[in-house]
Amino acid sequence: MKLAAILCVSAAAGSYGAAAAACENPPMVTVPDGKTATTDQLRAAQQDVRPYMSAMQEYLACLNTELTTSGEGALAEFKQLMVMRHNAAVSEMESVVALFNAQVVAHRAANPQQPSPTALPPAPTALPPAVN
């Protein structure tokens, strides 16, 4: 009887782990130093950041889908893991936006006569902690 219970719990945890693995975090982008970068380099970085942000939005949607489709019967640990992954992704997005925007400001200060790329909008908000 104990073996059957252990196997059921292991199978449930394994299926949740496989679902969580289906959502893949996009690779990080590189943002050049605004003080030394050319306008073209900063614009190229902006062209990398925009698809990265879109891919991160898809990643967040995947995590949210996994969290909601797991239902009320999902293990509390799984719910907490999904919320932690979501919030870590949001934090990463906020950092990338803040870094890029800071480099735009630095580029404008170092090159007041040159046009600079526009700043990026803010990242999405984090989820509250999972409730048991």
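This is a short guided tour of the structure, one selection at a time.

**Before you start**

The structure is a predicted model, in which local features need pLDDT of at least 70, side-chain atom pairs count only at pLDDT 80 or more, and totals for chains, interfaces and linings use all residues. Residues are numbered from 1 along each chain as its sequence is written, and side-chain values use heavy atoms, with hydrogens and water left out.

**Stop 1: the whole chain**

Show everything as a cartoon and colour by pLDDT, the predictor's confidence in each residue, from 0 to 100. The mean pLDDT of the protein is 80, and 73% of the residues reach 70 or more. Now select residues 1–17, where pLDDT stays under 50. The model has six contacts beyond four places in sequence for this stretch, a contact being heavy atoms within 4.5 Å. Where pLDDT is low, the predicted coordinates should not be read in detail.

The protein has three helices and zero strands, in the order α-α-α from the N terminus. Helices (H or I, at least four residues) and strands (E, at least two) are DSSP runs, numbered from the N terminus. Of the 132 residues, 35% count as buried; buried means under 20% relative accessible area, exposed over 50%, and partly exposed in between (1.4 Å probe, protein chains only). Switch on the surface if you like: the accessible surface comes to about 7,900 Å², with 62% belonging to carbon and sulfur atoms. These areas come from the Shrake-Rupley method with a 1.4 Å probe, and for residues only the protein chains shown count as cover. Among contacts between residues at least 6 apart in sequence, 77% join residues at least 24 apart.

**Stop 2: helix α2**

Select residues 39–69, which make up α2. How far apart are the end C-alpha atoms of α2? They are 45 Å apart, which agrees with the 45 Å that 31 residues should span at 1.5 Å a residue; the expected span is 1.5 Å times one less than the number of residues. The buried residues of α2 include T39, L42, A45, Q46 and E66. Just past the helix, click on G71, which follows α2 and has a positive phi, near 75 degrees.

**Stop 3: the nonpolar core**

Show the side chains of V49, Y52, M53, M56, Y59 and F100: of the 22 residues in the largest nonpolar core, these touch the most other members. The elements that give two or more residues to this core are α2 and α3. A nonpolar core is a set of buried Ala, Val, Leu, Ile, Met, Phe, Trp, Tyr and Cys residues joined through side-chain atoms within 4.5 Å. In soluble globular proteins, nonpolar side chains tend to be buried together.

Centre on Y52. Leaving out residues up to four places away in sequence, Y52 touches P26, P27, M28, V29, E92, M93 and V96.

Move along α2 to Y59, which is buried at a relative accessible area of 6%. Beyond four places in sequence, Y59 is in contact with C23, E24, N25, P26, R85 and A89. Try a distance from Y59 to E24: they are 35 residues apart in sequence, yet 6.6 Å apart in space, C-alpha to C-alpha.

**Stop 4: the disulfide**

Which cysteine is joined to C23? The partner is C62, with an S to S distance of 2.0 Å. The pair links distant parts of the chain, with C23 in the loop between α1 (2–21) and α2, and C62 in helix α2, 39 residues apart. The count comes to one disulfide, taken as a pair of cysteine sulfur atoms within 2.5 Å. The torsion about the S-S bond is about -80 degrees, so the disulfide is left-handed. C23 is buried at 3% relative accessibility, whereas C62 is partly exposed at 22%.

**Stop 5: helix α3 and what follows**

Select residues 76–110 for α3, then pick K79 within this helix. Is K79 buried or exposed? K79 counts as buried because its relative accessible area is 14%. The C-alpha atoms of K79 and L67 are separated by 6.4 Å, and the two residues are twelve apart along the chain.

Next, go to N111 in the segment after α3. N111 is buried, at 15% relative accessible area, and touches G34 and A37, not counting residues up to four places away in sequence.

Finish at T38, in the loop between α1 and α2. T38 is partly exposed, at 41%. T38 and H107 lie 69 residues apart in sequence, and 8.1 Å apart in space, C-alpha to C-alpha.
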